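Good morning, colleagues. I would like to take a few minutes to go through one structure with you.

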Amino acid sequence: MNRLVMGAVAAALSFAQFPTVASAHDYAVGSLKIGHPWARATPPAAKVGGGYLKIENSGTAPDRLLGGTTEAAARLEIHESTFTDGIARMREKTEGVAVGPGETVELRPNAIHLMLVDLKGQLKQGDTVKASLRFERAGPVEVEFQVQGIGAQPQATPGHATH
Amino acid sequence: MPILKWVRYGAWSAVAIVSFVSAAILLGWWRVEGPGRAATVGQNAPAIGGPFTLVNQAGKTVTDREFRGKPMAVFFGFTNCPEVCPTTLVQMANLTKQIGPSADQLQVLLITVDPERDTPEQLALYLQSFDPRVVGLTGSREQVDAALKAYKGYAKKVPTDNGYTMDHSASVYLMRADGSFRTMIDYHEEDASALAKIRMVLE
Ligand SMILES: [Cu+2]
C-alpha cells in the first residue's frame, strides 16, 4: 500500500515536471486573438532567437502583422525559413504577414516566424519576454512570449500540418 | 493434316517464346551484371568528404586525420541561425542519448559557414547548451570553403538591412570510421530513420 502511494506520488511529480502544453495564454486586440506567443530558448552567445504565435482574425476586415519591438532584443522582425534541395534559407518578410477575415495564421518554426535580432541576453527556458506587436489595422498590442526549450516544437494544431 | 500443321505451329511458337525469354534474360544479365551495366552510384558520384584543416572551439588547429578511426556526423551551420542549427544539435543529442554508450563512438562535428562571426570562443559558448561531445570547427574563410567543397556542401552570404545571414546545407553527413561517406540525415527527418542511419555507421 505504501509503495502504491509512493508510486502515485512519483508519477504525479514526474508528470508535473514533464514539459507538456504550456498553459494557454492569449491576447486580443480589436477582432484579433493572439494565441500562445512563445520563443525558443537560446544558447549562450546566440545573437538571434525565434518567436512564434497564432493570429486569429474573427473580424470582417483583413489585417497584417508588421513586426514590433521587444525588451529582449534590438529588433523584432518577421522572417520566413525555407528548405529546398537540402538548403536552408531565411529571408526577412518586410511586407509582414496578412491575416484575412476569418483566417488563422500560425507563425511557427521552419516557416514564417518572428525573429529577435541582436539579443540583449540569453533567452532561458521558463522566462517570459515582453514585446509589443504592431498590426496594420488593429494597432499595437502588448504580449509576453513564454520561453520554451531549445528543441521545442509547436504543439500539433488540428487542421494545421506541421510540414 | 490439320493436326500436324497445328503441332508444327505449336512447336515453332514454343521455340519463339523460349528464344524471347532467353534473350530477355541475357539482356537483363548484360545490363545488371554483364559488361553493359551502368556504373553504380558509388563509382559515379563524386566522393563526399575529404581532407580539411580547421580550428576547433579550443582554438587548436585540427585536420580530418584526427577524427579517423571513429564514425563522424558532420554538418554545416552557424551560431546566428535561430532554428536549423539548434534543432539539429538537439536532435543529434537526443538520438545519441537513445543509442546509449555506443554513441560515444560517434564524433559530431559542426563546421561553421560563418567564420567571420563564429570565432572559436563564440562556438565554445554556443555549444555549451548542447551535447558536450560536439566539436565546433571554424577557420579562415578559405579553410571553411575547402571543407564545404570536400563535403559538396553549400553556403552563401546574403546581405540584409542590418548585416547578413547565411544560406547553408541543412543535412548531416554520416561518415564511416575510415572517413568515407555512408549516408545523410535530412533536416526534418523522422527520429526513427535518422536513428537507423546513425546505427549503420556505428556498426
Ligand atoms: Cu529568422
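I shall speak about the fold of chain A, the nonpolar core, a helix pair in chain B, the cysteines, and some individual residues. Please keep in mind throughout that this is a predicted model.

Let me begin with chain A. It contains one helix and eleven strands, and the helix comes at the start of the pattern, followed by the strands in succession. Of the 163 residues in this chain, 46% are buried. If we take the contacts in chain A between residues at least 6 apart in sequence, 68% of them join residues at least 24 apart.

A:Val129 offers an illustration. This residue lies in strand E10 of chain A, which spans residues 128–135, and A:Val129 is buried, at a relative accessible area of 5%. Its C-alpha is 7.1 Å from that of A:Glu71, although 58 residues separate the two in sequence. Setting aside residues up to four places away in sequence, A:Val129 touches a group that includes A:Thr70, A:Glu71 and A:Ala72, together with A:Leu116 and A:Leu123, and also A:Val143, A:Phe145 and A:Val147.

I turn now to the nonpolar core. The largest one has 82 residues. Which residues have the most contacts inside it? They are A:Leu65, A:Leu107, A:Leu114, A:Leu133 and A:Phe135, with B:Tyr151 from the other letter in the list. The element that gives the most to this core is H3(B), with seven residues. As for A:Leu65, its contacts beyond four places in sequence include A:Leu107, A:Leu114, A:Leu133 and A:Phe135, and among the others are A:Ile55, A:Ile78 and A:Val97.

H3(B) brings us to the helix pair. Helix H3 of chain B, residues 84–99, packs with helix H6 of chain B, residues 191–202, at an angle of about 65 degrees, and the axes are 10 Å apart. The crossing is right-handed. On the H3(B) side, the residues that meet H6(B) are B:Gln91, B:Met92, B:Leu95, B:Gln98 and B:Ile99. On the H6(B) side, they include B:Ala194, B:Leu195, B:Ile198 and B:Leu202, as well as B:Asp191 and B:Arg199. By character, the residues of this contact divide into seven nonpolar, two polar and two charged.

B:Glu190 is located in the loop between strand E9 and H6 of chain B. This residue is exposed, with a relative accessible area of 56%. Its C-alpha lies 27 Å from that of B:Asp178, twelve residues away along the chain.

Next, the cysteines. Why do B:Cys81 and B:Cys85 not form a disulfide? Their sulfurs are 3.0 Å apart, and a disulfide requires a pair within 2.5 Å, so the separation is too far for a bond. Both residues are buried: B:Cys81 has a relative accessible area of 5%, and B:Cys85 has one of 1%. Over all chains, the search of the whole structure finds zero disulfides.

Finally, two backbone angles in chain A. A:His36, in strand E2, has a phi near 40 degrees, a positive value in a residue other than glycine. A:Asp85, in the loop between strand E5 and strand E6, also has a positive phi, near 50 degrees. Are these two residues buried or exposed? A:His36 counts as buried, at 13% relative accessibility, whereas A:Asp85 counts as exposed, at 78%.

Thank you for your attention.

Key
Residues numbered from 1 in each chain as written. Chains lettered and ligands numbered in written order. Predicted model: local features only at pLDDT ≥ 70, side-chain atom pairs only at ≥ 80, totals over all residues. Heavy atoms only, no water. Axes fitted to C-alpha atoms, helices over the stretch in contact; angles between N-to-C directions. Helix = DSSP H or I, 4+ residues; strand = E, 2+ residues; numbered from the N terminus. Left-handed = near helix turned anticlockwise from the far one by under 90°. Contact = heavy atoms within 4.5 Å. Nonpolar A, V, L, I, M, F, W, Y, C, P; charged D, E, K, R; others polar. Buried < 20%, exposed > 50% of the residue type's maximum accessible area, 1.4 Å probe, protein only. Core = buried A, V, L, I, M, F, W, Y, C linked by side-chain atoms within 4.5 Å.
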